[in-house]
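Here are some worked exercises on empty space and unusual backbone geometry. Try each one on the model before you read the solution.

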Amino acid sequence: MKFGTLYSYWGHEWKCDYARTMKKVSDIGFDILEVGAPHLVEMTENELNEMKCTAKELGLTLTANIGPSKNKDLASADPEIRKAGISYLIDIMKAMDKIDSRSLVGAMYSFWPCDFQIIDKKGAWERSISAMKEVAKAAEDLGIECCQEVLNRYETYIMTDCEEGIRYCELVGSKNVNLLLDTFHMNIEEDNISEAIRKGGSRIGHIHVGEANRKLPGMGSLPWREIGRALRDVGYDKGVVMEPFLLQDGKIAEDIKVWRDLSNHADEDMLDHYIKESLQFLKHEFTF
Ligand SMILES: [Mn+2]
């Protein structure tokens, strides 16, 4: 397994200085930096090339995280919106190819966070699957895996447990469309996190890790040793990426609904210390 973190841990807004963040996560000991997929389509060829070179020098793998906005919803009843969603995901994958990033992960089957104004699940599934088949063709051509994130009931109605995620992927029917399981969401929805991982098996393309309140692994009470054992039992050898959200204030806190400080008012050095400890803890628990 390769260990990583989402870029946004240190910030209050959905942006960062990638050169600095790549260096930092590499120094901390991570193998993966998960970047914001929307940023890639805003970068120039030069910026993408620099990012690719820096990652290569540091030996970092880059994955890309996406939660499309409502006007790019693959499950929308409006064909123009679905079309915009398909081209957006394809543009992102083309940019990912330029930085040699091979995993697009997140709730790309619809939009995030869901506002629950329309909850026609049957229709949404049909439209999303048919659109995803087109995305899958481009993913196959570019050699990129699209990992569909199973969320919890407060963030989507489309897929909220591992079984629904598996069924969605089976209906799309591409080897490049697989599952992203996230311990935070699983803790809300699954009977048993480890059993869900065993069900997901070879369909799992990506893992997000975080405690029940989205603190760093080791700061709470999720059964990390069992989770690690389940991942090893299914032969999982891809990315295990932390998605920690500890800081109050700003757009990230608003979107994630962090309404109090969860960091004990940490400064940057303390945040570095927490995540380094968490990485050591997780590696220990996952190889126990
Ligand atoms: Mn996640």
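**Exercise 1. Find the element that gives the most to the lining of the largest pocket.**

Start with the result: α10 comes out on top, supplying three residues. Helices here are DSSP runs of H or I with at least four residues, strands are runs of E with at least two, and both are numbered from the N terminus. A quick word on the input: this is a predicted model, where local features need pLDDT of at least 70 and side-chain atom pairs pLDDT 80 or more, while totals for chains, interfaces and linings use all residues. Residues are numbered from 1 along each chain as its sequence is written, and side-chain values use heavy atoms, with hydrogens and water left out.

Step 1: list the contributors. Elements with at least two lining residues each are α2 (37-40), β3 (61-66) and α10 (250-256).

Step 2: look at the middle. Of the 27 lining residues, Trp14, Asn65, Ile66, Gly67 and Trp112 lie nearest the centre. A pocket is an open set of points on a 1 Å grid over the protein atoms alone, with protein on both sides within 12 Å along at least five of seven lines, and lining residues have an atom within 4 Å of a point.

Step 3: get the size and make-up. The volume is about 560 Å³, counted as the space filled by probe spheres set on the points, which are joined across faces, edges and corners. The lining splits into 13 nonpolar, seven polar and seven charged residues. Nonpolar covers Ala, Val, Leu, Ile, Met, Phe, Trp, Tyr, Cys and Pro, charged covers Asp, Glu, Lys and Arg, and the others, Gly among them, are polar.

**Exercise 2. Work out which elements give two or more residues to the lining of the second largest pocket.**

Step 1: size it up. This pocket has a volume of about 350 Å³.

Step 2: check its 18 lining residues; nearest the centre are Phe184, Arg214, Ile256, Lys257 and Val258.

Step 3: map them to elements. The answer is α7 (183-189) and α10.

**Exercise 3. Describe the largest cavity and its lining.**

Step 1: count. There is one cavity of 30 Å³ or more, where a cavity is a set of points that a 1.4 Å probe fits but cannot get out of. Its volume is about 60 Å³.

Step 2: read off the lining, which includes Ser8, Tyr9, His12, Phe245 and Asp249. By class, that lining holds seven nonpolar, three polar and one charged residues.

**Exercise 4. Locate the backbone oddities: a cis peptide bond and positive phi at Asp100 and Asp249.**

Step 1: recall the baseline. Most residues other than glycine have a negative phi, and most peptide bonds are trans.

Step 2: find the cis bond. The bond from Trp112 to Pro113 has omega near -10°, and Pro113 sits in the loop between β4 (103-106) and α5 (121-142).

Step 3: take Asp100. Its phi is about 60°, in the loop between α4 (79-98) and β4. At 46% relative accessibility Asp100 is partly exposed (buried is under 20%, exposed over 50%, partly exposed in between, with a 1.4 Å probe and protein chains only).

Step 4: take Asp249. Here phi is near 75°, in the loop between β8 (239-242) and α10. Asp249 is exposed, at 52%.
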